[in-house]
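Student: I should like to work through the strand pairing and the domain layout of this protein. May we take the questions one at a time?

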Amino acid sequence: MKQFQCIACAASLLAVLPVMHAADLGGVIVRLDGYDGPASVSAQLVEPFKMQITVNPANETKSLAIRVELPNSGSRAWPAADVEVRDAQGRALMVRRAGIEWSKLLISVPAVAGNYFVQAVHPAGGKPSLPSEKERVLADDTTGLRLGIAKWHDGRKAALSIRFDDSHPTHLTKAMPILREYGFRGTFMINPGASEPGGRRRSGFEAHQAEWQAAARQGDHEFANHSAHHRGAVGDDDMEAEIGEAAQAIWKLTPGKSKLMALNLGGGTRWETTRTLRYYLEKYHQFDASQNSTGMDDSYGNRVANFRRILEQHLSRGLWCRIHYHCIGDGGASSEANFRAALDVAKEHQSKLWIAGMADIHKYQSERSASKLKLQQSDSKRLTFEFICQTDAALFDQPLTLEVTHPQSLDASRLKVKDAQGNVIPLRTAPVEGGSVLRFDVAPRTAVYSIEMTR
Ligand SMILES: [Zn+2]
């Protein structure tokens, strides 16, 4: 399949914009796209995340294309998935974007004087307020125990996701079996749509459907949404079909599993819709997984050494490292030798690294942010606490790891964790700097647990 071509040439055009203009708009850039006629646009920020654009057509008669680039990182970043464009009458406009650059908008308007509004729409009911980091720690003087919610599963230092795009047949013949040799879980971004009449692309999924189904039944890898056909969409219905059909196909491949999945609309694609990306994400239980991933195709050069460097950076900062591949194997985008060499690097760091699917990692992060610990009661024999988790249990099912630190004078083998029904939860001891820590996993649901000190 055709791979994403970076539009770096378009980005270099920004350099000619007056610096003051960009600063006035909180980092937003507004200009007429590919235009040097008499018409002009001006813009002003009327509210945080609401910008008014005024078109002055002068004597232009042809329609105009307004290019808007929203900052997507740093303190002034816009929530690009929540952004829509409306005219002065409140009608939503069709906006074109590239699949993995949702913060860059192209808006087609007639050459008449008028105002348009680019705005972030706040989710219905507002954003839930999340507990503070402090509320995820419980230090109890009576027992001397200290509890915390591990930043990553099993107290690992960082997370790593290994993604494969475009349902290429080598994912079945090379990537999956090799990952299995290493015991690693991959995330497979598939295009499960049936071939379209007149479509230029032959679907790698359709041609090997039985193998994909078998891989899904094996259950050791994760599937994610790369749209039905990897061709973008023109209009709301088309976009909904491209996202919705792929989501339905993946749900069918993984019956009984959480419907939450990663979505990446694909490089080199164009999407036109009047709606926010959030509309599609919420309706189909998707999360946007387009950003911050390092491409591992050999053509980028020095991939293995580069991966070692970024992985070590992520380990030292405790972050989620994301990499992605296309076809694997000799003659493919990544040679088998380079693919294995990168997996060897991950293996070297395996004891500190949680290698998991993108949805697994997203779930852990979301659940942890929505969780806190609350002391109920403690005495010399027992500490009872409530684990409170606000995420939707039907979608968020990744267990969270709790950590218990105890006074060195206390023999760890005397500690027992029980749930509210009295079932014993298995505990494991792990060495940490200056002693050891006890860990156990809990379902991401509000529940009461107690830690007993037996004799
Ligand atoms: Zn792709």
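Tutor: Certainly. The model is a predicted one. One term is needed beforehand: two strands count as paired if DSSP finds at least two bridges between them.

Student: Over how many bridges do strand β3 and strand β8 pair, and what is the bridge partner of Lys50 in β8?

Tutor: Strand β3 covers residues 50-56 and strand β8 covers residues 114-120. The two run in the antiparallel sense and pair over six bridges. Within β8, Ile53 has Tyr116 as its bridge partner. For Lys50, the bridge partner in β8 is Gln119.

Student: Which residue of β8 stands opposite Glu84?

Tutor: Strand β8 also pairs with β5, in the antiparallel sense and over five bridges. The residue of β8 opposite Glu84 is Gln119.

Student: Why is one side of β2 and of β5 left without a neighbour in the sheet?

Tutor: The sheet is open, has four strands and follows the order β2-β3-β8-β5 with antiparallel pairing. β2 (40-47) and β5 (83-87) stand at its edges, so one side of each lacks a neighbour, as each has a single partner strand.

Student: By what angle are neighbouring strands of this sheet turned against each other on average?

Tutor: The average concerns neighbouring strands of the open sheet in the order β2-β3-β8-β5. With direction ignored, the average turn is 20°.

Student: How far apart do the C-alpha centres of domain 1 and domain 2 lie?

Tutor: The domain assignment gives domain 1 as 8-120, domain 2 as 133-153 + 366-453, and domain 3 as 156-363. Between the C-alpha centres of domain 1 and domain 2 the distance is 49 Å.

Note on methods:
Residues numbered from 1 in each chain as written. Predicted model: local features only at pLDDT ≥ 70, side-chain atom pairs only at ≥ 80, totals over all residues. Axes fitted to C-alpha atoms, helices over the stretch in contact; angles between N-to-C directions. Domains from an automatic or database assignment.
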